[in-house]
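Hi,

Here's the structure I said I'd pass on. Have a look at it first, and my notes follow below.

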Amino acid sequence: MSFDKLQELIKAKKNPTVAGLDPKPEYVPPHILRASLDKYGETLEGAADAILQFNKGLMDALCDVVPAVKPQSAYYERLGWQGMRALEETIRYAREKGLFVMADVKRGDIGSTAQAYSDAWLGKTRVGSADLPVFDADCLTINGYMGSDTILPFLETCRVEDKCLFTLVKTSNPGSGELQDMVAGDRVVYQVMGDLVQRLGKDDIGKYGYSRCGAVVGATYPSDLRALRKRLEHTFFLVPGYGAQGGTAEDVRFAFDKYGRGAIINASRSIMCAWQKTGHDGQDYQDAARAAAEAMRDDIKQFVTIL
Ligand SMILES: O=c1ccn([C@@H]2O[C@H](COP(=O)(O)O)[C@@H](O)[C@H]2O)c(=O)[nH]1
């Protein structure tokens, strides 16, 4: 069970947080960006090289503090195929460093296309008689709002490959309530989605009590987070929205079960861009990122004890 592996890494590092890798060239310290642009010019290749070097430096600094990284595919896609190559190399490097890789791609489509996405991100692509891993993440975010036929192909790949998923349930953005909070019979839409996620995962529960089918639940709606934790006892949560979006440790404490398990809290910009607040031109970006990740861990530890 892949959430078992994640839970064990969380316990070993005493840290239920994940560092987001959402790199824009503007977030890369000037000395790294300059070196890549000198080598490749002001090109997509230059920008992709810069974000890859930045990611590697961040992972070197963070790999003994955080259990996981969450690269957000959009920041790599915007640099074309060179960006996607940087993402593939980022994932490979993370795995070499013993980090659990959560690819944030929020994919979802009809069953046959969902299968192709899950081959690409979690499984293997068949070429002749060979089955070839592609991005090979440990875990994936998906958008399951097209229904169970979208989620099931991903879940089947997870079962075969011993991996796991996070499906969007109640997202952290200001407009999430426009659709997700709509009343649907005796429930609201995000509760319907949460119940579906829990039902689809229920036959494959790991040793810590969680299925392979997790949920994304934002830190920015703490009362919904608290109610969902009670409602979805077998569903592991990915909780974005801490830090840059205003979520606090007091808010995210509701994501955990009584053993301090069942959730991982994400922060991206507040870790990656920590160097921009130190006034040292980015030469200290690794120390700054590490200090930000340790501060987040210690902040959450005030409210959550991991057993
Ligand atoms: O509801 C959601 C779902 C996903 N995200 C993603 O998490 C990070 C948050 O980044 P910060 O810089 O820590 O705000 C980003 O990759 C989002 O795409 C989310 O924020 N909310």
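**What I found**

Strands S3 and S6 (strands are DSSP runs of E, at least two residues, numbered from the N terminus) run parallel and are paired over four bridges; pairing takes at least two bridges found by DSSP. Across that pairing, aspartate 104 sits opposite threonine 141 in S6.

Before you go further: this is a predicted model, where local features need pLDDT of at least 70, side-chain atom pairs count only at pLDDT 80 or more, and totals for chains, interfaces and linings use all residues. Residues are numbered from 1 along each chain as its sequence is written.

S3 (residues 100-107) also has S2 (residues 68-71) as a parallel partner, through two bridges. There, valine 69 is bridged to valine 101 of S3. Six of the eight S3 residues are buried, so the strand is largely enclosed by the rest of the structure. Buried means 20 or more other C-beta atoms within 10 Å of the residue's own, with C-beta atoms placed from the backbone.

Then there's helix H7, residues 148-161 (helices are DSSP runs of H or I, at least four residues). Its buried residues include Ile151, Phe154 and Leu155. The buried residues of H7 pack against several elements, among them helix H1 (2-13) and strand S6 (139-142), with contact meaning C-beta atoms within 7 Å. Just after H7, aspartate 162 has a positive phi of about 55°.

Finally, valine 239 touches Val217, Leu225 and Ile265, among others, leaving aside residues up to four places away in sequence.

Cheers

Terms used. Expected span 1.5 Å × (residues − 1). Buried ≥ 20, exposed ≤ 12 C-beta atoms within 10 Å, placed from the backbone. Contact = placed C-beta atoms within 7 Å.
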